[in-house]
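Here is a briefing on one strand and its surroundings. Please look at the structure first, then read on.

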Amino acid sequence: MIRKVKNLNRKLLTHTIEPVYNQNSRVLILGTFPSPKSRESNFYYGHPQNRFWPVIAYVCNRSVPQTKDDKIKLLLEQGIALWDVLHSCSIAGADDSSIRNPTVNDLTLIFKVASIKAIFTTGRKAEILYKKYCLPQTGKEAFALPSTSPANCRINIEELRQAYCSILPYLR
């Protein structure tokens with residue numbers, strides 16, 4: 001049997017969005033790698049249909065931030081650090097399953113400044129990559145949360161809200 005290999009047109013990309021954190025950060029949320037829309041807007045979860053910002057706003061009992069500055073302010077006021085597992089990789093569009101040749105971000109940058117009580121990953125691929133590449137370095141387990149991507153249509157907004165409320169005990 002001959003198996004066709006799909007040409008995914010992967011591109012080798014480097015993460016250029018700065019992590020969000022300060023000395024008051026207690027929870028670290030890690031995605032996989034910025035999507036094309038996030039890279040275009042130069043900030044996390046930039047696709048207009050991504051549900052990350054409405055979910056985080058709900059969990060924190062705040063209005064949904066609209067600007068990059070408002071998003072940073074919300075995260076820092078609530079004690080949430082935000083970054084991605086990967087520093088660079090070959091990827092086709094926003095397809096996490098296409099990731100090859102990953103290199104990870106140096107999470108110690110955050111741990112040197114913040115007293116992180118818990119780490120959460122957004123989506124299955126971020127969890128897998130964290131466990132494989134970061135856990136041996138950090139020694140800190142991560143809790144997996146569902147992806148807020150519009151591609152994850154099997155989970156509705158209410159289910160996402162409930163899942164993300166699991167960060168609340170670590171923010172207190």
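Strand β6 is largely enclosed by the rest of the structure, because five of its five residues are buried (under 20% relative accessible area, with over 50% exposed and partly exposed in between; 1.4 Å probe, protein chains only). Strands (E, at least two residues) and helices (H or I, at least four) are DSSP runs numbered from the N terminus. The model is predicted: local features need pLDDT of at least 70, side-chain atom pairs count only at pLDDT 80 or more, and totals for chains, interfaces and linings use all residues. Residues are numbered from 1 along each chain as its sequence is written, and side-chain values use heavy atoms, leaving out hydrogens and water.

**Strand β6 and its partners**
- A118, F120 and T122 point one way from β6; I119 and T121 point the other way.
- β6 pairs with strand β2 (residues 27–31) in the parallel sense, over four bridges; pairing takes at least two DSSP bridges.
- I29 is opposite F120 of β6.
- Strand β7 (residues 142–145) also pairs with β6 in the parallel sense, over four bridges.
- A142 in β7 is the bridge partner of I119.

**T122**
- T122 lies in β6, which spans residues 118–122.
- T122 counts as buried because its relative accessibility is 8%.
- The side chains of T122 and Y45 share a polar contact of 3.0 Å (N or O atoms within 3.5 Å; within protein, one must be able to donate a hydrogen and the other to accept it, and residues adjacent in sequence count only if both atoms are side-chain atoms).
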